[in-house]
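The following note is offered to a colleague beginning to read structures. Please keep the sequence and the model in view while going through the numbered points.

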Amino acid sequence: MNDSTAPEPAYQTPTPSPHPDVTGRYYVPGFPIGEGKTDYEKYLHTVQLLSLQTPVESAISPEEPLFQITHQASELWMKLMLIELKRALAFMDSDQPLMACRCLRLVNECVQVLMLQVDLIARNISIVEYGKIRTVLGQGSGMESPGFNWLLETAPSLWAHFTGLMQRQQLDLRAIYVDYEKNIEMHTLAEALMDFDDLFHKWRAHHFALVARTIGAESNSLKGLSSQVLQKGVKTRFFPELLELRSTLTNESSVAYGGQPLAD
Ligand code: HEM
């Protein structure tokens, strides 16, 4: 008998049916979902990716998947942020402020995703379940996050690259802000940096609020550090120059205006 006439097992056909059934399922029943047979799974390495979490059956708490996935997803978003920050640096070095802005816009949207994840975990984790999860964390701390540490290392260097670009354009920060219409590209870039600094600062404050409502602001971390150490980070700003300029311009305009009460 010619083998080619034998019917193939249905699941060996990874081609989607042009007519999904009522459930919207594309593959015939019996197709081995999640075994890496499709191009989608091959490209995204879903087999490896989805095996990186503690199986539900051996999780220390039913809320461990929430904790682990939120942190793993955050690491991926921070990885993307770092890639885009480095692209922004390169665009500044090649005198393309708008392209740098484009990268920073994505970075800034990622920070907002990180904030959403903090909200998500804050609203859904129970204090008792988190207590159980802590027992499997060793002395692990968010302070050891590689993504976070790479970002802390890279972010401040944006300022030196921005300053280099300003110098090549024979501009200073004051001119960029005072003559913002004339210098709109550089002004837009400076504001994208301001957004990044602001959002990162808000994310840290947001995380501190999460810590306060989860384990308490007065508790000790698994490293024996007070949660209050986070307060120092909340106060950190990457580009203080951008904030100082605002105070300077506001004070100057106040002096010029004189701060008189409105007439009746
Ligand atoms: C139940 C949820 C969480 C709790 C109770 C918690 C608790 C803490 C505590 C107590 C610290 C202080 C440092 C230390 O551990 O010694 C910390 C730091 C940190 N955590 Fe979390 N965290 C939670 C969720 C998250 C999430 C979802 C992320 C996402 C990336 C995250 C990222 C970080 C980072 C980056 C730091 C260092 C922050 C800094 O130095 O400003 N944490 N966390």
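1. The contacts of the ligand are a suitable place to begin, with the reminder that this model is predicted. An N or O atom in the side chain of Ser 141 is 2.9 Å from an oxygen atom of the ligand.

2. Arg 204 also approaches an oxygen atom of the ligand, with a polar side-chain atom at 3.0 Å. In the case of His 207, an N or O atom of the side chain is 2.8 Å from a nitrogen atom of the ligand.

3. Which residue is the only protein donor of the iron atom of the ligand? The donor is His 207, through its atom NE2, at 2.1 Å. His 207 belongs to helix H9, which covers residues 184-214.

4. The surroundings of the ligand comprise 21 residues. Those that come nearest are His 71, Ser 141, Arg 204, His 207 and Ser 221. By class, eleven residues of the shell are nonpolar, nine are polar and one is charged.

5. Which helix gives the largest share of this shell? Helix H9 does, with six residues. Helix H3 (64-93) and H9 each contribute at least two residues to the shell. Helix H9 thus deserves attention on two counts: it holds His 207, and it supplies the largest share of the shell.

6. As for the place of the ligand in the protein, the space that the ligand takes is the largest pocket.

7. The protein chain as a whole is built with eleven helices and zero strands. Its pattern along the sequence reads α-α-α-α-α-α-α-α-α-α-α.

8. The overall dimensions should be read together. The radius of gyration of the protein chain is 26 Å, whereas a compact globule of 264 residues would have a value near 18 Å. The C-alpha trace spans about 95 × 50 × 45 Å along its principal axes.

Key:
Residues numbered from 1 in each chain as written. Predicted model: local features only at pLDDT ≥ 70, side-chain atom pairs only at ≥ 80, totals over all residues. Heavy atoms only, no water. Donors = N, O, S within 2.8 Å, 3.2 Å for Na, K, Ca; no water. Helix = DSSP H or I, 4+ residues; strand = E, 2+ residues; numbered from the N terminus. Near = heavy atom within 4 Å. Polar contact = N/O pair within 3.5 Å; in protein donor to acceptor, adjacent residues only side chain to side chain. 1 Å grid on protein atoms, 1.4 Å probe; cavity = no way out; pocket = protein on both sides within 12 Å on 5 of 7 lines; lining within 4 Å. Sits in = over half its atoms within 2 Å of the grid points. Nonpolar A, V, L, I, M, F, W, Y, C, P; charged D, E, K, R; others polar. Rg over C-alpha atoms; globule rule 2.2 N^0.38 Å.
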